[in-house]
Amino acid sequence: MSDSVRLFSIRSVDYAQFRPSYPESLFSWLAEQCPRTRCALDVAAGSGQATLPLLGHFDHVLSCDASPDQLSGSADWQSVQRFAAQAERLPLRDGRVDLMVVAQALHWFATPAFFAEAKRVLDSNGLFCAWCYSLLRIDPALDEVISRLHGETLQGYWPRGRESVDAGYQDIRAPFETIEPPEFAIEVHWNLPQLLGYLRTWSAVKQWQQAYDMDPVAQLEPDLAQRWGDPERQRRIRWPLHFLAGYPGR
């Protein structure tokens with residue numbers, strides 16, 4: 001079992017509950033960039049944060065993940081064709097899809113083999129779009145605590161590829177001419193328990209817990225709580241999105 005499958009399959013419910021949703025404007029833009037909207041594919045779909053919004057824009061939506069457990073984490077998959085597969089070996093015919101998206105996962109498999117497979121299953125005018133987000137932003141006082149968790153406490157526990165996320169995928173070279181999407185960002189209003197639940201979905205948190213048999217989020221919770229104030233207070237949280245996109249078949 002790969003590192004990504006092992007890390008994420010064991011907590012698909014938490015992933016579905018606490019991972020933030022992408023803006024609807026992103027999916028409208030993606031559909032507008034596709035000459036045809038017959039079929040979209042979400043690769044490494046997880047619990048479907050990027051899959052389900054595609055239903056309103058494409059005739060057929062496909063979803064794959066290396067972890068079958070992840071694909072069962074959502075209650076509303078009825079219109080989605082789901083299958084377990086490695087990103088580099090997709091059981092689809094040539095030119096099957098008009099859009100391929102990879103949300104917060106390209107760093108696991110950004111290899112020549114994957115990009116060749118993406119080109120194969122995409123239509124000749126099909127759009128490839130991968131995106132990621134790194135550290136959230138709330139306000140300087142809270143950001144300082146979360147940055148300390150990310151860069152100090154969890155240093156050495158992030159899985160291979162995390163540096164690409166922190167670099168906004170600028171270190172990944174796609175074998176096709178890329179385009180620059182407009183600026184998009186995830187924005188939510190969360191209370192403190194929701195923020196803590198999200199932090200516990202971090203892969204490095206799980207690795208640190210396994211190493212020390214303790215919860216690193218619990219260790220910083222008092223500091224966060226003091227800076228947050230009323231734990232039920234809703235605060236605006238923002239993650240800028242970073243993209244790698246283009247038309248591999250052109």
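The radius of gyration is taken over C-alpha atoms, and the globule rule is 2.2 Å times the number of residues to the power 0.38. For 250 residues, that rule puts a compact globule near 18 Å. The chain has 18 Å, so the two agree. The model is a predicted one.

Start with the chain as a whole. Its C-alpha atoms fill a box of roughly 55 × 35 × 35 Å along the principal axes. Of the 250 residues, 53% count as buried. Contacts reach far along the sequence. Among those between residues at least 6 apart, 75% join residues at least 24 apart. The chain exposes about 11,500 Å². Carbon and sulfur atoms supply 46% of that area. Charges come next. There are 24 positive and 31 negative ones, and their mean positions lie 3 Å apart.

Now the secondary structure. The chain has 10 helices and 9 strands. An open sheet takes 7 strands, in the order 3-2-1-4-5-9-6. Its pairing is mixed. Strand 3 and strand 6 (178-179) are the edges, each pairing on one side only. Strands of a sheet pair through backbone hydrogen bonds, either parallel or antiparallel.

Follow the sheet from the strand 3 edge. Strand 3 (80-84) is joined to strand 2 by 5 bridges, and the two run parallel. Within this pair, L62 has Q81 of strand 3 as its bridge partner. Strand 2 (residues 60-65) also pairs with strand 1, again in the parallel sense and over 5 bridges. Here C39 is matched with H60 of strand 2. On its other side in the sheet order, strand 1 meets strand 4 (residues 97-103) through 4 bridges, and these strands run parallel. D42 stands opposite V101 in strand 4.

Strand 1 deserves a closer look. Which way do its side chains point? C39, L41 and V43 point one way, while A40 and D42 point the other way. All of these residues are buried. Buried means under 20% relative accessible area. Because 5 of the 5 residues of strand 1 (residues 39-43) are buried, the strand is largely enclosed by the rest of the structure.

Helices contribute buried residues too. Helix 3 (residues 24-32) has L26, F27, W29, L30 and A31 buried. An α-helix has 3.6 residues a turn, so residues three or four places apart point the same way. The cover over the buried residues of helix 3 includes strand 4, strand 5 (122-132), strand 6 and strand 9 (242-246). Helix 8 (residues 192-199) is another case. Its buried residues are L192, L195, L196, G197, Y198 and L199. With 6 of its 8 residues buried, helix 8 is therefore largely enclosed by the rest of the structure.

The loops hold individual residues to inspect. A87 sits in the loop between strand 3 and strand 4. Is A87 buried or exposed? At a relative accessible area of 7%, A87 is buried. Beyond its neighbours within four places in sequence, A87 is in contact with V43, F109, F114 and E117. V43 belongs to strand 1, so this loop residue touches the strand directly. W131 lies 44 residues from A87 along the chain, and their C-alpha atoms are separated by 15 Å.

R160 gives a contrast. Its place is the loop between helix 6 (140-153) and helix 7 (162-166). R160 is exposed, with a relative accessible area of 57%. What does R160 touch, apart from residues up to four places away in sequence? It touches H107 and W108. R160 and H107 are 53 residues apart in sequence, yet 8.1 Å apart in space, C-alpha to C-alpha.

Two further loop residues have positive phi without being glycine. Q104 has phi near 55 degrees. This residue lies in the loop between strand 4 and helix 5 (112-121). Q104 counts as buried, at 13% relative accessibility. Y169 has a positive phi of about 65 degrees. Its loop runs between helix 7 and strand 6. Y169 also counts as buried, at 2% relative accessibility.

Definitions and conventions. Residues numbered from 1 in each chain as written. Predicted model: local features only at pLDDT ≥ 70, side-chain atom pairs only at ≥ 80, totals over all residues. Heavy atoms only, no water. Buried < 20%, exposed > 50% of the residue type's maximum accessible area, 1.4 Å probe, protein only. Pairing = 2+ DSSP bridges. Contact = heavy atoms within 4.5 Å. Areas by Shrake-Rupley, 256 points an atom, 1.4 Å probe, with all protein chains shown as cover. Lys, Arg positive; Asp, Glu negative; His and termini not counted. Charge placed at Lys NZ, Arg CZ, Asp CG, Glu CD.
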